[in-house]
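Subject: Structure handover

Hello,

Here is the structure I promised you. Please open it first, then read my notes below.

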Amino acid sequence: NRIINGAFMIDQRNARASVTVNSSPVYPVDRFYGRANVNGVFTAQRSTTAPAGFINSTILTVTTARASIAASDLYAFQHTIEGLNIADLGWGTASASTITLSFWVRSSITGTYAVGLFNNAFNRSYVATYSIGSANTWTYITLTITGDTTGTWVTDNTAGIGIIWDLGSGSNYNGTAGSWAATGAVRTSGSTNWISTNGDTVYITGVQLEKGSTAT
């Protein structure tokens with residue numbers, strides 16, 4: 001697993017206290033951060049609501065809805081993997097390895113959501129979509145993604161792979177699901193705008209990114 005603190009066991013900054021996400025980045029737990037424009041605001045904190053096998057999650061809650069989303073708006077939950085930890089994937093070469101991203105998610109709003117992967121320069125990206133069919137119910141998501149054979153993927157101590165769970169960003173971040181593109185995309189035009197209603201909640205836990213086509 002290339003994700004650090006994917007089960008949210010470590011919360012050195014806030015000790016489970018709520019933080020307000022109205023800028024970028026704001027860390028509710030170690031290694032994960034929220035991103036928002038001032039026009040839409042959500043809170044974030046570690047929670048003990050979790051699926052079987054876990055004791056923690058991170059809960060996000062809309063406190064200032066953004067019903068009319070501008071093209072440049074970005075509302076998201078993000079994790080960054082250091083380049084040294086993805087060097088063996090060989091991304092940017094003909095031998096790029098497939099990876100599998102998996103996690104548990106629970107939301108008060110059903111619909112199609114998106115998660116985006118992108119490089120340090122934000123000029124290579126992949127958008128994957130997933131569905132939440134039942135409100136306030138834990139759903140296990142597994143997404144297998146073919147490695148990128150082009151683009152530049154750093155292998156030093158800077159950002160290697162960025163992972164964004166989209167919460168309702170603007171059209172500047174729209175892309176096509178299921179393929180690599182030479183753009184900075186994190187969602188599709190049909191993705192759910194979670195940020196658009198006050199009181200919306202989403203929980204995430206059990207985040208794993210692994211080499212290969214199987215979530216262990």
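First, a definition. Rings of Phe, Tyr and Trp (for Trp, the six-membered ring) pair if their centres lie within 6.5 Å. By that rule, ring pairs join Phe8, Phe32, Phe77, Phe103, Tyr113, Tyr130 and Trp165 into a cluster. Please keep in mind that this is a predicted model.

**The aromatic pairs**

How many aromatic pairs does a search of the whole structure find? It finds 18. Take Phe8 and Phe77. Their ring centres are 6.3 Å apart. Their planes meet at 55 degrees, so the pair is tilted. Tilted pairs fall between the stacked ones, under 30 degrees, and the edge-to-face ones, over 60.

This pair links distant parts of the chain. Phe8 lies in the segment before strand S1 (19–21). Phe77 belongs to strand S6 (residues 76–82). The two are 69 residues apart.

Are these two residues buried or exposed? Phe8 has 0% relative accessibility, so it counts as buried. Phe77 is buried as well, with a relative accessible area of 1%. The cut-off for buried is under 20%.

Now compare Phe118 and Phe122. Their aromatic pair is edge-to-face. The distance is 4.9 Å centre to centre, with 85 degrees between the planes. Phe118 counts as buried because its relative accessibility is 8%. Phe122 is at 30%, so it counts as partly exposed.

One more ring deserves a look. The charged end of Arg13 sits over the ring of Tyr27. It is 4.5 Å from the centre of that ring.

**The strands**

The chain has 13 strands and zero helices. From the N terminus on, every element is therefore a β in the run β-β-β-β-β-β-β-β-β-β-β-β-β.

An open sheet holds seven strands. Their order is S2-S3-S6-S11-S8-S9-S12, and the pairing is antiparallel. Which strands are at the edges? They are S2 and strand S12 (180–181), and each pairs on one side only. Phe77, from the tilted pair, is in S6, and S6 is part of this sheet.

Look at one end of that order. Strand S2 (residues 26–29) and strand S3 (residues 32–35) run antiparallel. Two bridges join them. Val26 has Gly34 in S3 as its bridge partner. Val29 stands opposite Phe32 in S3. Phe32 is also one of the residues in the aromatic cluster. The hairpin of S2 and S3 has two residues between the strands. There, Arg31 takes a positive phi near 75 degrees.

**The chain as a whole**

The radius of gyration is 16 Å. The globule rule gives 17 Å for 216 residues, so the chain is as compact as a globular protein of that length. The C-alpha trace spans about 45 × 35 × 30 Å along its principal axes.

Of the 216 residues, 50% count as buried. The chain exposes about 8,600 Å². Carbon and sulfur atoms supply 47% of that area.

Contacts between residues far along the chain are well represented. Among contacts with a separation of 6 or more, 73% come from residues 24 or more positions apart.

Best wishes

Technical notes
Residues numbered from 1 in each chain as written. Predicted model: local features only at pLDDT ≥ 70, side-chain atom pairs only at ≥ 80, totals over all residues. Heavy atoms only, no water. Helix = DSSP H or I, 4+ residues; strand = E, 2+ residues; numbered from the N terminus. Buried < 20%, exposed > 50% of the residue type's maximum accessible area, 1.4 Å probe, protein only. Lys NZ or Arg CZ within 6 Å of the ring centre and 35° of its normal. Rg over C-alpha atoms; globule rule 2.2 N^0.38 Å. Contact = heavy atoms within 4.5 Å. Areas by Shrake-Rupley, 256 points an atom, 1.4 Å probe, with all protein chains shown as cover. Pairing = 2+ DSSP bridges.
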